[in-house]
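Visitor: Hi, could you walk me through this one?
Guide: Happy to, have a look.

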Amino acid sequence: ATGLECDLSDLSSVRAFADAFLKLELPLHVLINNGAVMSIPFQLSKDGNELQFAVNHLAHHLLSNLLLDALVATAREEGPDAEGRILNISCGMHYFAGKEARGYGLSAGSLYRTQVGVNFALLLISAGTWSYDKNTWTRGVRVRKHHINAPSMYHGVDALGQSKLANCLHALHLAKRCRASGLPVLVNAVDPGYFGGGTFRRAEGYLGANI
């Protein structure tokens with residue numbers, strides 16, 4: 001048997017991987033969304049998205065959607081008590097993502113003193129234009145450039161936090177969706193803790209130097 005390749009920085013590769021797997025008609029019991037990059041220099045994915053958000057969240061979100069039906073079908077074939085599993089590997093870095101997340105169902109006890117909020121407020125429409133050179137504001141509605149795709153706004157740890165928070169919120173939303181629809185799939189996000197793997201060795205700044 002040969003493995004199936006999947007480039008998480010390219011959503012077309014994620015779709016091709018899912019298509020290839022589904023054509024094998026194999027049972028699917030567990031999907032572990034584990035692939036990640038961490039606190040790296042600013043880069044864009046093949047689809048033009050900030051690379052940490054693209055790899056750590058967008059690819060896993062898409063893959064989960066594409067394989068959800070297979071997880072459901074496998075569980076239902078195995079009996080009324082069977083459940084599929086989707087596990088998002090997040091980490092405590094979601095703490096660095098921004099504003100408080102009370103109301104999202106995140107537990108401060110289990111997820112530290114959670115201050116979160118994927119910064120979608122800056123992704124869509126602005127009431128004007130801010131000039132960083134002139135320190136001035138010009139009124140007039142315009143579509144803003146994607147905040148997390150702007151090199152001038154980039155910080156590796158903040159971008160990591162945005163992607164890891166998105167893992168948590170994705171798991172929460174998908175879990176609620178599966179329960180509401182009666183789908184036999186359990187969805188969780190987990191913090192695996194720190195380890196001296198290649199992800200940390202390639203990280204820039206404090207994380208790369210101290211872990």
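Visitor: Let's start with Asp7: what is its relative accessibility?
Guide: Asp7 has a relative accessibility of 28%, so it counts as partly exposed. Buried means under 20% relative accessible area and exposed means over 50%, with partly exposed in between (1.4 Å probe, protein chains only). Keep in mind that this is a predicted model, where local features need pLDDT of at least 70 and side-chain atom pairs count only at pLDDT 80 or more, while totals for chains, interfaces and linings use all residues. Residues are numbered from 1 along each chain as its sequence is written, and side-chain values use heavy atoms, without hydrogens or water.

Visitor: Which side chain does Asp7 meet in a salt bridge?
Guide: That of Lys46, at 3.2 Å from N to O. A salt bridge here is a side-chain nitrogen of Lys or Arg within 4 Å of a carboxyl oxygen of Asp or Glu.

Visitor: And where do those two sit in the chain?
Guide: In distant parts, 39 residues apart: Asp7 is in the segment before helix 1 (11-23), and Lys46 is in the loop between strand 1 (30-33) and helix 2 (51-78). Helices (H or I, at least four residues) and strands (E, at least two) are DSSP runs, numbered from the N terminus. Lys46 is exposed, with a relative accessible area of 58%.

Visitor: How many salt bridges are there by that rule?
Guide: Two. Glu83 also forms one with Arg85, their closest N and O atoms being 3.3 Å apart. Glu83 is partly exposed at 43%, and Arg85 is partly exposed at 35%.

Visitor: Switching to helix 2, what caps its N-terminal end?
Guide: Glu50 does, with a side-chain oxygen 2.9 Å from the backbone nitrogen of Gln52.

Visitor: Where is the kink in helix 2 centred?
Guide: On Leu67, with an angle of about 45 degrees. The bend at a residue is the angle between axes fitted to the seven residues ending there and the seven starting there.

Visitor: What about backbone oddities: what phi does Glu25 have?
Guide: A positive one of about 55 degrees, although Glu25 is not a glycine. Most residues other than glycine have a negative phi. Glu25 lies in the loop between helix 1 and strand 1, and is exposed at 72%.

Visitor: And Ser39, buried or exposed?
Guide: Buried, with a relative accessible area of 3%. Ser39 has a positive phi too, near 45 degrees, and is found in the loop between strand 1 and helix 2.

Technical notes: Polar contact = N/O pair within 3.5 Å; in protein donor to acceptor, adjacent residues only side chain to side chain.
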